[in-house]
Amino acid sequence: MKYKYIFFSFISYLFSIIALIYYFFYYYYPTRFDDVTEFDWDVRNLIWDFKDGTRHDKVCQILTTKLRRVYGKAIDLLTFVCIPASTRDVNRNRYQSFMADVCKATGMANGYEHVTIVKEKEPTHLGGESPAEYSYDKDFFNGRQIILFDDVVTRGRSLAKMRMELENV
C-alpha cells in the first residue's frame, strides 16, 4: 500500500521531520519562557483555546487556506486525519467538529471515525510515559493519500508513529 503523507501542525519548534513535507503555522514557546512578545502570548492563547475545544473556526480558516493554496482542486482527493488527543473525551471535544468543518470546507475525506483510541495515555505534559494505542479502519485507509495534522509538534514522534501504523494497516 502506498500512502502520501503531508504533515500539518498548528505550532512547532521542530526544525525538520523525517524527510517529509511538513508545514507549521507558529512557533510555540512554553510558559517556562517568560520573555516573549505579545504576539507569542496571542499564539499561546489560541492554542490553549483550540486544545480546550474552542477557537476551531480560526484554526480551520488558517489550515484550509493553506491546504487550498497547496493542493488547489486536487484537495478533494485527500483524507484528513488528526493525531488523536490523549483520551477519547478530549479527542472528541478537540477534533470531531474541527475535522468535520475542515473536511466540509475542503472536500477532503474525514478520517475521524476511522481511527479509534484503543488505549488512552496520560498526557505527556502531565508526566505520562506510556504511548496510546490506536486501531485503524483498514478498508477506509487502503490506498488513500493522507494529510496528518497535529496541534503541537515537539519532536515528531506522534506523527512518525501514526505514519508507520497507517502504512502497516
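**Exercise 1. Helices and strands**

Work out how many helices and strands the chain has, and in what pattern they follow one another.

*Solution.* Start with the count: the secondary structure of this predicted model comes to 5 helices and 7 strands. Next, walk along the sequence and write α for a helix and β for a strand. You get β-β-α-α-β-α-β-β-β-α-β-α. Finally, look at burial: the chain has 169 residues, and 44% of them count as buried.

**Exercise 2. Two helices that cross**

Find out how the axes of H2 and H3 cross.

*Solution.* Step one is to locate the helices: H2 covers residues 56–71, and H3 covers residues 88–106. Step two is the geometry. The two axes come within 10 Å, and they cross at roughly 40°. Step three is the label: that angle makes H2 oblique to H3, because angles under 35 degrees would count as roughly parallel and 65 to 115 as roughly perpendicular. Last comes the handedness: H2 passes H3 in a right-handed crossing.

**Exercise 3. A buried acid**

Aspartate 40 is buried, so to speak, without a partner: find the nearest side chain of opposite charge and decide what aspartate 40 does instead.

*Solution.* First, place the residue: aspartate 40 sits in helix H1, which spans residues 38–51. Then look for an opposite charge. The nearest one is on arginine 44, 7.2 Å away. A salt bridge needs the nitrogen within 4 Å of a carboxyl oxygen, and aspartate 40 has no salt bridge. Now check for other polar partners: the side chain of aspartate 40 makes a polar contact with the side chain of threonine 37, at 3.0 Å.

**Exercise 4. An unusual backbone angle**

What is the phi of arginine 55, and where does this residue lie?

*Solution.* Begin with the rule of thumb: most residues other than glycine have a negative phi. Now compare: arginine 55 is not a glycine, yet its phi is positive, about 65°. As for the location, arginine 55 lies in the loop between H1 and H2. Its relative accessible area is 36%, so arginine 55 counts as partly exposed.

**Exercise 5. Pairing up charges**

How many salt bridges does a search of the whole structure find? Take three of them and say which parts of the chain each one joins.

*Solution.* Keep the basic idea in mind: side chains of opposite charge can pair when their charged atoms come close. The search finds 7 salt bridges.

- *Arginine 88 and glutamate 120.* The closest N and O atoms are 3.0 Å apart. Arginine 88 belongs to helix H3 and glutamate 120 to the loop between strands E5 and E6, so the pair ties together parts that are 32 residues apart in sequence. Arginine 88 is partly exposed at 39%, and glutamate 120 is partly exposed at 32%.
- *Arginine 92 and aspartate 89.* Here the N to O distance is 2.6 Å. Both residues lie in helix H3, 3 residues apart, which is about one turn of the helix. Arginine 92 is partly exposed at 40%, while aspartate 89 counts as exposed at 52%.
- *Arginine 94 and aspartate 151.* The closest N and O atoms are 3.2 Å apart. This pair links distant parts of the chain: arginine 94 is in helix H3 and aspartate 151 in strand E7, 57 residues away. Both arginine 94 and aspartate 151 are buried.

One more step: follow the last pair outward. Lys51 joins Arg94 and Asp151 in a network of salt bridges.

**Exercise 6. Apart in sequence, what about space?**

For phenylalanine 141, lysine 58 and alanine 100, give the helix, the burial and one C-alpha distance.

*Solution.* Take them one at a time.

- *Phenylalanine 141* lies in helix H4, residues 138–141. Its relative accessible area is 0%, so phenylalanine 141 is buried. Glutamate 167 is 26 residues away in sequence, and the C-alpha distance is 9.2 Å.
- *Lysine 58* has its place in helix H2. Lysine 58 counts as partly exposed, at 31% relative accessibility. Leucine 46 is 12 residues away along the chain, with 8.5 Å between the C-alpha atoms.
- *Alanine 100* is in helix H3. At 36% relative accessible area, alanine 100 is partly exposed. Tyrosine 112 is 12 residues away along the chain, with C-alpha atoms separated by 8.2 Å.

Note on methods: Residues are numbered from 1 along each chain as its sequence is written. This is a predicted model: local features need pLDDT of at least 70, side-chain atom pairs count only at pLDDT 80 or more; totals for chains, interfaces and linings use all residues. Side-chain values use heavy atoms; hydrogens and water are left out. Helices (H or I, at least four residues) and strands (E, at least two) are DSSP runs, numbered from the N terminus. Buried means under 20% relative accessible area, exposed over 50%, partly exposed in between (1.4 Å probe, protein chains only). Lys and Arg count as positive and Asp and Glu as negative; His and the chain ends are not counted. A polar contact is a pair of N or O atoms within 3.5 Å; within protein, one must be able to donate a hydrogen and the other to accept it, and residues adjacent in sequence count only if both atoms are side-chain atoms. Axes are lines fitted to C-alpha atoms, for helices over the stretch in contact, and angles run from 0 to 180 degrees between N-to-C directions. Angles under 35 degrees count as roughly parallel, over 145 as roughly antiparallel, 65 to 115 as roughly perpendicular and the rest as oblique. A crossing is left-handed if the near helix is turned anticlockwise from the far one by less than a right angle, and right-handed if clockwise.
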